[in-house]
Amino acid sequence: MYDILSYAIDHAFNYKTNKSIYNILIGKKSHQTFFDASSQQLLSLYHSLPNLKYPTFERFILQKDDFNHELDIKTHPRYTYDSLTRTFSCIQLLIQTLSNTRKDTFKFIPVVQNTYVQQKVKQLYNHIKLSQLEASFISEIYSLFDAIERRNNKNVLHYYLQGYEEPMYTRQQISLIEDIKQSELFELEMNQLIDLLDEIEDESNYPILSQTIILPQLLNQTFLSYQKLLHGMNMNEIAEHQNVKINTIEDHVLEIFIKGYQNDYNTYVNQKQIDQFIQYYDHHIGLRLREYKQAFEDLTYFQIKLIIVGIERGDLRVRR
């Protein structure tokens, strides 16, 4: 846990408050927190420590100089921690399902109880069976876990796989087997989940496993706005229809982009403005929003935030 705390503190912009960093780690459901996480490359730490108490966080800050660094924390710019774990859950259940059905066992207790994950796995399983892709899927699994081992010199995620008459291990058991503290094991697992997503995002190498990726969940009101966008309504029409201010819908759109549901940036900002901002941002990362606004008076705060999200997600290119 402490390597995560140390990383978040060290990589947050210097003008950000301790509370804003804490809100990212516990997963506060606010649009400011979503933007803070995305703009500071801390999105995969969002909701990684939901049980962290603020006094514990403050105490660590005071004692941070005495902390002995153990592990280099990895982050991902496009997925929250929940998205990482749910994607892995999807892979776990798909492996368990195929392992059992290949032994003609169709009744088993699923390793994952989440109904959304179960439904997604059911669809993928049917696709694999109908298209006769079992051998391809197995090959992808071996390639994936070999890649994770190459990246880390150790693979602990495989302990969490469950198959026919082959139960998975608990974190406590893995801790004893690998002689790693459970708190350090959690951080190692998180790093390897980052590697897993990095790998399976490549659809050319993982045409099946890339379909297991589960995007971060949208807030309820954001989801309603997203549905209206899909039906062709613009932000002003949605604001009028929902009887809210345009700023609220702008926050919804930012969340939609942060979480990867849309990437049509030119709908909201023209390409020339994007290119000009990228060139400036390349040399002025981490400024306050009002400083960007002073440099680009023709852009709204919403447009500035949207471009920053695009850059930090990797959707819009900037030379670093």
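What follows is a chat about pockets and the nonpolar core in a predicted model.

Biologist: How much space lies in the largest pocket?
Modeller: About 410 Å³. The pocket is lined by 17 residues, and the closest to its centre are Ile95, Ile138, Ile141, Tyr142 and Leu161.

Biologist: Which helix gives the most to that lining?
Modeller: α7, with eight residues. Helices α5 (81-101) and α7 (134-152) each supply at least two residues.

Biologist: And by class, what does the lining of the largest pocket have?
Modeller: Eight nonpolar residues, five polar and four charged.

Biologist: OK, the second largest pocket. What volume does that one have?
Modeller: About 300 Å³. Its lining also counts 17 residues, and Lys29, Tyr46, Asp82, Gln217 and Lys259 are the closest to the centre.

Biologist: Where does the largest share of that lining come from?
Modeller: From α5, which gives three residues.

Biologist: How do the residues of that second lining divide?
Modeller: Into seven nonpolar, six polar and four charged.

Biologist: Changing topic. How many residues are in the largest nonpolar core?
Modeller: There are 95. The members that touch the most others are Leu25, Leu45, Phe137, Leu144, Leu196, Tyr268 and Phe277.

Biologist: Take Leu25. Which residues is it in contact with, leaving aside neighbours within four places in sequence?
Modeller: On the N-terminal side of Leu25, the contacts are Ile4, Leu5 and Ala8. Further along the chain, Leu25 is in contact with Leu45, His47, Ser48, Leu49, Pro50, Leu52 and Phe57. Leu45 is also on the list of core members that touch the most others.

How values were computed
Residues numbered from 1 in each chain as written. Predicted model: local features only at pLDDT ≥ 70, side-chain atom pairs only at ≥ 80, totals over all residues. Heavy atoms only, no water. 1 Å grid on protein atoms, 1.4 Å probe; cavity = no way out; pocket = protein on both sides within 12 Å on 5 of 7 lines; lining within 4 Å. Points joined across faces, edges and corners; volume = space filled by probe spheres on them. Helix = DSSP H or I, 4+ residues; strand = E, 2+ residues; numbered from the N terminus. Nonpolar A, V, L, I, M, F, W, Y, C, P; charged D, E, K, R; others polar. Core = buried A, V, L, I, M, F, W, Y, C linked by side-chain atoms within 4.5 Å. Buried < 20%, exposed > 50% of the residue type's maximum accessible area, 1.4 Å probe, protein only. Contact = heavy atoms within 4.5 Å.
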